[in-house]
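Q: Please take a close look at one part of this structure, a sheet and the elements around it. A connected account for a newcomer would be welcome.

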2 protein chains.
Amino acid sequence: MGLTISVLTIGDELLNGEMADTNTAAIARLLASRGYTVHDSSSVRDVESDIVEALRFLTRQREILIVTGGLGPTADDLTSRAAATAFNRPLETNAEALAQIHRHFARLGLAMHPRNEKQAHLPRGVDILPNANGTAPGFHLDDNGCKVFFLPGVPAEMTAMLEQSVLPALAKHLGQGEFLHERVLKVFGLSEPKTEGRLDAIKLPEGVQVAFGVDFPFVHVKLRVSGAAADTRLEQAERLARQTLGDFVFATGTDSLAATVARQLTFAGQTLALAESCTGGWIAKLLTDLPGASVFLERGAVTYANSAKRDWLQVTETLLEQHGAVSGECALAMARGIRRNADTDLGLAVTGIAGPDGGTPAKPVGTVFIALTSETTERVHGYRFPGNRDSVRLLTACMALDWLRRHLAAAER
Amino acid sequence: MGLTISVLTIGDELLNGEMADTNTAAIARLLASRGYTVHDSSSVRDVESDIVEALRFLTRQREILIVTGGLGPTADDLTSRAAATAFNRPLETNAEALAQIHRHFARLGLAMHPRNEKQAHLPRGVDILPNANGTAPGFHLDDNGCKVFFLPGVPAEMTAMLEQSVLPALAKHLGQGEFLHERVLKVFGLSEPKTEGRLDAIKLPEGVQVAFGVDFPFVHVKLRVSGAAADTRLEQAERLARQTLGDFVFATGTDSLAATVARQLTFAGQTLALAESCTGGWIAKLLTDLPGASVFLERGAVTYANSAKRDWLQVTETLLEQHGAVSGECALAMARGIRRNADTDLGLAVTGIAGPDGGTPAKPVGTVFIALTSETTERVHGYRFPGNRDSVRLLTACMALDWLRRHLAAAER
């Protein structure tokens with residue numbers, strides 16, 4: 001089964017609910033960028049016998065083991081001692097490690113705290129991995145046919161040492177990994193099963209694998225390929241996938257839906273004004289997450305009260321009485337009003353019942369109206385979104401952004 | 001060594017760097033709250049043989065195994081099939097699971113996609129665990145002397161099922177764990193070392209442990225105690241901690257800063273209008289995350305362009321020319337303007353440079369002005385917040401909410 005790399009993270013805090021383990025993902029990301037795959041990962045507490053057991057088991061099963069955590073100066077840092085026990089090596093003061101710790105404190109203009117000397121007590125015969133950002137030296141040893149790298153748990157120190165010491169050692173030992181080329185297509189408006197159904201129906205180039213992920217309400221289609229002419233096959237795969245998924249694909253790679261819309265607006269030189277009721281400013285927040293929104297976003301109105309809808313959007317009392325604030329008529333009036341007041345190319349409005357209260361039999365929780373106006377177009381549509389308040393608000397914000405995306409894409413053609 | 005509980009999370013995305021595993025920490029947190037300790041955890045990819053190997057190994061080593069992920073409808077969801085292989089059970093359509101999936105779609109008013117039927121293909125002889133929030137039923141089986149619970153990987157579904165089905169099963173099987181009583185105080189405006197320094201200087205009741213967590217920009221102080229009279233000692237500890245931390249504590253338990261402010265506004269019967277520049281609607285979004293905001297939030301203005309500041313907030317051209325849009329003068333004019341226009345008790349305004357562009361030597365990125373006005377008070381202050389665009393925007397939104405909290409708390413006295 002080829003080369004197997006395993007990650008072991010050590011720390012009580014990972015198993016008592018205090019914090020999620022982010023080191024494994026950081027290691028996996030760096031390794032994946034160099035073409036290496038992490039086979040599996042595990043976490044154990046700061047209990048010496050548990051660490052010993054995990055080290056013995058994993059070194060016998062895997063070829064490369066990357067261990068993080070438990071190298072600090074305090075009494076609950078037990079990794080070095082456990083490594084000495086697991087591999088039957090004496091624990092002794094490592095002169096190179098001690099010198100490195102002294103240098104670290106000297107750089108900071110401080111005297112070394114005696115407690116830090118413990119960080120130089122290491123199993124005999126290890127190679128020291130320098131740590132430019134902290135006191136804990138890392139180390140490397142070979143045992144049970146496995147290369148083991150011990151790194152501190154502090155993320156910044158860990159990733160720097162991984163790049164500086166571990167990746168070069170892997171490249172030397174294993175040769176460069178076979179780069180895995182990946183392209184991610186982001187989909188809105190098709191469920192995961194429907195997305196998969198469409199891709200099942202087409203034939204992708206030889207060796208291209210497809211995986212799916214959900215980042216609610218988005219579906220991610222991951223096309224992956226390695227080996228010869230990977231780029232060409234990936235291009236072909238993307239073209240075919242885009243053909244079958246059509247304009248449900250809103251981005252490739254890491255772009256968000258809001259970033260796509262922001263780029264379209266900027267590119268088209270179009271200005272936008274927003275009138276938000278149930279989303280309470282979330283659409284504006286998403287569009288301003290990235291820099292440069294001042295180019296296209298003239299203003300946004302969060303009009304929770306009817307008085308605000310009257311003042312700022314000129315939604316009439318009659319309209320509110322006849323149709324209610326949650327209606328297609330009101331959404332359209334809001335979009336017209338905000339566009340006229342802000343004097344922008346586009347006016348976008350949303351109004352709805354996010355819940356949990358406020359629903360009626362005719363307009364249950366999840367009822368939402370979206371309206372978009374420009375000089376030449378007016379569009380309004382009602383939805384019934386599922387789920388709780390958070391889900392209704394998120395779906396409303398994303399659907400509104402998707403309206404902008406489709407409108408601007410149509411205008412580009 | 002007593003009862004051993006292990007967590008196994010399944011998914012390519014956990015081992016290729018796409019996402020960190022947060023389910024393990026969520027499970028550990030819930031279990032810890034009931035007095036159970038997680039012994040260790042591991043993650044494997046969506047590879048059937050790897051899942052089979054992990055299930056066999058872990059069920060032989062541990063007494064309880066909680067598995068998440070791989071129960072979805074797509075081809076890379078392999079957990080049920082792997083469980084059937086690992087425990088030598090045939091895979092068959094489970095009528096109860098199928099009925100549950102049908103009911104889920106019916107509730108949403110949708111027809112079931114044929115592909116979702118796969119989610120009812122389960123190993124023979126399992127107990128179904130209901131899923132109120134999604135399509136994937138969970139299941140439970142006993143094998144190799146281990147109780148195994150299979151839950152979906154979607155965090156909200158997983159935690160709900162853990163609470164509804166797994167915890168009661170554990171309590172029945174193992175007896176109640178020794179409840180760990182915990183109280184969390186949430187702090188804004190003091191760094192973690194400073195918070196810890198204040199608590200180090202006081203003497204807490206016997207047996208009360210303190211832990212710290214950071215949920216940027218907030219610090220969480222966790223007071224924990226078990227055994228006799230735990231409640232009384234926890235009360236005492238909270239009182240002492242509140243004494244030393246003063247009004248930097250904004251909430252106990254799970255309340256957010258925005259929820260605290262929303263409750264204060266509702267309780268005081270005060271109305272609010274917002275004028276946001278650099279936060280782009282984020283403050284309004286936070287205040288409307290929870291239901292009931294219509295009671296106090298009259299309106300919010302996202303005034304990115306100067307024209308919007310003039311129209312809606314009556315910020316004059318002269319003021320903008322003399323002081324610039326990022327100035328104490330402008331913030332105050334915005335707060336006055338929005339309060340006057342909306343006719344509310346309070347007017348809150350923020351303006352600043354979130355970056356990465358737009359900074360000058362006199363007003364670098366991170367320069368932010370906040371202003372709050374009421375009938376009897378006017379306050380404006382400038383900040384220089386550290387970090388990137390996201391951090392500056394988040395700190396601005398939280399500081400503005402904290403101004404409201406402190407203003408309303410003072411009014412309550």
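A: **The four-stranded sheets and their surroundings**

In chain A, 4 strands make up an open sheet in the order β10-β11-β9-β12, and the pairing is antiparallel. β10 (209–215) and β12 (249–252) of chain A lie at the edges with a single partner strand each, so one side of each has no neighbour in the sheet. On average, neighbouring strands of this sheet are turned by 25 degrees against each other, direction ignored. Here strands (E, at least two residues) and helices (H or I, at least four residues) are DSSP runs numbered from the N terminus, and two strands pair if DSSP finds at least two bridges between them. Axes are lines fitted to C-alpha atoms, for helices over the stretch in contact, and angles run from 0 to 180 degrees between N-to-C directions.

This is a predicted model, in which local features need pLDDT of at least 70 and side-chain atom pairs count only at pLDDT 80 or more, while totals for chains, interfaces and linings use all residues. Residues are numbered from 1 along each chain as its sequence is written, and chains are lettered from A and ligands numbered from 1 in the order in which they are written. The mean pLDDT (the predictor's confidence in each residue, from 0 to 100) of chain A is 92, and 98% of its residues reach 70 or more. The model scores ipTM 0.75 and pTM 0.76.

Within the sheet of chain A, β10(A) pairs with strand β11 (residues 218–225) of chain A in the antiparallel sense over 7 bridges. Asp215(A) stands opposite Phe218(A) in β11(A).

Chain B also has an open sheet of 4 strands, in the order β10-β11-β9-β12 with antiparallel pairing. Its edge strands, β10 (209–215) and β12 of chain B, each pair on one side only. β9(B) and β12(B) are joined in the antiparallel sense over 3 bridges, and Lys186(B) stands opposite Ala251(B) in β12(B). Helix α6 (residues 192–200) of chain B packs on the sheet and touches β9, β10 and β11 (218–225) of chain B; contact requires C-beta atoms, placed from the backbone, within 7 Å. The direction of α6 makes about 165 degrees with that of β10(B).

Another helix of chain B, α13 (residues 389–412), has buried residues that pack against β9 (181–188) and β12 (249–252) of chain B, among other elements. Buried means that 20 or more other C-beta atoms, placed from the backbone, lie within 10 Å of a residue's own. Among the buried residues of α13(B) are Val392(B), Leu395(B) and Leu404(B).

Note on methods:
The expected span of a helix is 1.5 Å times one less than its number of residues. A residue is buried if 20 or more other C-beta atoms lie within 10 Å of its own, exposed if 12 or fewer, and partly exposed in between; C-beta atoms are placed from the backbone. Two residues are in contact if their C-beta atoms, placed from the backbone, lie within 7 Å.
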